[in-house]
Amino acid sequence: MSRLFGDHFLNKLTSEERVLITRLRAICDADIGPNAAQVGSKDDFAWDTFRLLAGAGIIATAFPEQYGGTDARQAVRIRIIEELGRVCSAAASMITGADLSARAIVAGASDELKAALVPRLANGEIQAAFGLTEPGAGSDVRSLKTTMQRTGDDYVINGEKKFITRAGTADWLVIVGRSIDDSSKFIAALVSRDAKGVTIGPSAGKLGWYGVPIASIYLKDVRVPATHRLGQEGDGFNLAQDALVRARIGHASMALGRAIGAVEIAATYACDRDVFGKSLGGHQGVQWMFAEMVTQIEAARALVALAADKYDSGDADSAIYASMAKLHATDLGMKVVTDALQLTGGRGYLKDFPLERFFRDAKLNQIGEGSSEVHKTVIGRDAIRRAAKADRNPCLRDGSLTDY
Ligand SMILES: Cc1cc2nc3c(=O)[nH]c(=O)nc-3n(C[C@H](O)[C@H](O)[C@H](O)COP(=O)(O)OP(=O)(O)OC[C@H]3O[C@@H](n4cnc5c(N)ncnc54)[C@H](O)[C@@H]3O)c2cc1C
């Protein structure tokens, strides 16, 4: 059997990486896909899916080999996330979430902490959550108000974090706050969920992404040893930034995987369903919709692959390309899922049909890890900054353009 979408990106992987993807596909076919409707029916943490991914070594791909991981390239991780996104957003989010929640630990924790925690994060024995967003600081995240005060060998943390994925199941919380002594300095610290003064709120009801609940975290005079600071004082945002860049490429891959799954489902319907004397897919208007969807998905896959390559090679532009990939792929993902549902008519609207879940899940990719509007602002600002320094187009004559 061949797939509707080409496997051309797999040719760029090593044979070992291809084996991993083949193994993951078998797991998606046998378990994650058939169970996705059940996972998507209520918003409890999908432990079975998590354990399956951990047992198959998929969670470990986010972590360095030195600490029990397999440290997969982003070029591989986008394929993993796409495969999972094609069938189950919760499963895909467990992989992007490993980057978001644990990357700052890998990058900034002491060697002792890493040796104690990272192997257990990599094998799924424990989990971490990433607490950046606050009630008054989402898109404008630098206005966060959580404070960290150094007192002797400890930091005392006070604040509130909102919308935190896996807050209810995480053993460790990466909390980003602001130094009380120097408010320009952001600090990231690792907080045990059992620390005195930590309260996790109830799960917040949400539209989609069932299987990975979110909750608020309240921190009241929480003491953590200074050895649990990640990086140096002032590094808080840089550490968060690397986690976010990886997670943004992940959001883009997840949105594309879901879009691929949606088109596959709509295409099967278009082949099965007869309308006005021929198959739905036999009508030119319907074929044009498929033409737009498959062409735009393939173009977006190329952009996401470019962003992953840039990240893997340490390119200075990788953050901007991650923003472009996220903006384009997640907006496209929402449009494709909407069009695919439209093509399946009343059946697409039924709870029983997978596109209802795909439709609910698609929206968050445009909001989390920076909304589409925030990424547009970042990309546009960067484009204008580059334009001011770039070579002039040779069609222009010398001098100011206002002199034309
Ligand atoms: C399911 C879910 C899981 C999440 N998981 C985590 C997590 O694990 N950790 C974490 O720290 N956070 C998490 N978040 C928070 C998420 O990152 C924020 O919701 C997101 O960054 C947007 O912030 P906000 O919701 O406060 O929106 P706001 O900042 O209130 O923005 C609202 C909207 O305004 C628009 N907007 C904002 N700024 C601009 C601008 N400059 N120009 C034009 N338009 C603009 C955008 O459309 C934006 O969506 C999660 C959120 C959800 C819903």
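Helices and strands here are DSSP runs, numbered from the N terminus. A helix needs at least four residues, and a strand at least two. The model shown is predicted.

**View A. Leu207 sits in a loop between two strands.** Find strand 6 (198-200) and strand 7 (214-225). Leu207 is in the loop that joins them. Is Leu207 buried or exposed? Its relative accessibility is 52%, so Leu207 counts as exposed. The cut-off for exposed is over 50%. Now look for Phe359, 152 residues from Leu207 along the chain. The C-alpha atoms of Leu207 and Phe359 are separated by 9.8 Å.

**View B. Three polar contacts reach nitrogen atoms of the ligand.** Start at Thr133. A polar atom in the side chain of Thr133 is 2.7 Å from a ligand nitrogen. Move on to Thr165. An N or O atom of the Thr165 side chain lies 2.8 Å from a nitrogen atom of the ligand. Finish at Phe163. Here the backbone takes part: one of its polar atoms is 2.9 Å from a ligand nitrogen. How much of the ligand does the protein bury? On its own, the ligand exposes 970 Å², and the protein buries 65% of that.

**View C. A shell of 17 residues surrounds the ligand.** Phe130, Thr133, Ser139, Thr165 and Glu373 come nearest. Which elements give two or more residues to this shell? They are strand 3 (154-165) and helix 11 (372-389). Strand 3 provides the largest share, with three residues. By type, the shell holds nine nonpolar, five polar and three charged residues. It also draws on two domains: domain 2 (128-234) and domain 3 (237-389) each supply at least three residues.

**View D. Phe163 in strand 3 has a positive phi.** The angle is about 65 degrees, although Phe163 is not a glycine. Phe163 belongs to strand 3. With a relative accessible area of 51%, it is exposed. A polar backbone atom of this residue lies 2.9 Å from a nitrogen of the ligand.

**View E. Arg166 has a positive phi and lies in a loop.** The loop runs between strand 3 and strand 4 (172-179). The phi of Arg166 is about 65 degrees, and Arg166 is not a glycine. Is Arg166 buried or exposed? Its relative accessibility is 6%, so Arg166 counts as buried. Buried means under 20%.

**View F. Helix 3 is mostly covered.** Helix 3 spans residues 74-85. How many of its 12 residues are buried? The count is 12 of 12. Among them are Gln74, Arg77, Ile80, Glu83 and Gly85. Now check the length. At 1.5 Å a residue, the helix should span 16 Å. The expected span uses one less than the number of residues. The end C-alpha atoms are 16 Å apart, which agrees.

**View G. Thr146 is in the loop between strand 1 and strand 2.** Strand 1 covers residues 128-131, and strand 2 covers 147-151. Thr146 is buried, because its relative accessible area is 0%. Ala30 is 116 residues from Thr146 along the chain. Their C-alpha atoms are 44 Å apart.

**View H. Glu264 takes its place in helix 6.** This helix covers residues 236-272. Glu264 has a relative accessible area of 16%, so it is buried. Where does Ala340 fall relative to Glu264? Ala340 is 76 residues away along the chain, and the two C-alpha atoms are separated by 8.9 Å.

**View I. Glu356 takes its place in helix 10.** Helix 10 covers residues 354-365. Glu356 counts as buried, because its relative accessibility is 13%. Ile297 is 59 residues from Glu356 along the chain. The C-alpha atoms of Glu356 and Ile297 are 20 Å apart.

Terms used: Residues numbered from 1 in each chain as written. Predicted model: local features only at pLDDT ≥ 70, side-chain atom pairs only at ≥ 80, totals over all residues. Heavy atoms only, no water. Near = heavy atom within 4 Å. Polar contact = N/O pair within 3.5 Å; in protein donor to acceptor, adjacent residues only side chain to side chain. Areas by Shrake-Rupley, 256 points an atom, 1.4 Å probe, with all protein chains shown as cover. Nonpolar A, V, L, I, M, F, W, Y, C, P; charged D, E, K, R; others polar. Domains from an automatic or database assignment. Buried < 20%, exposed > 50% of the residue type's maximum accessible area, 1.4 Å probe, protein only.
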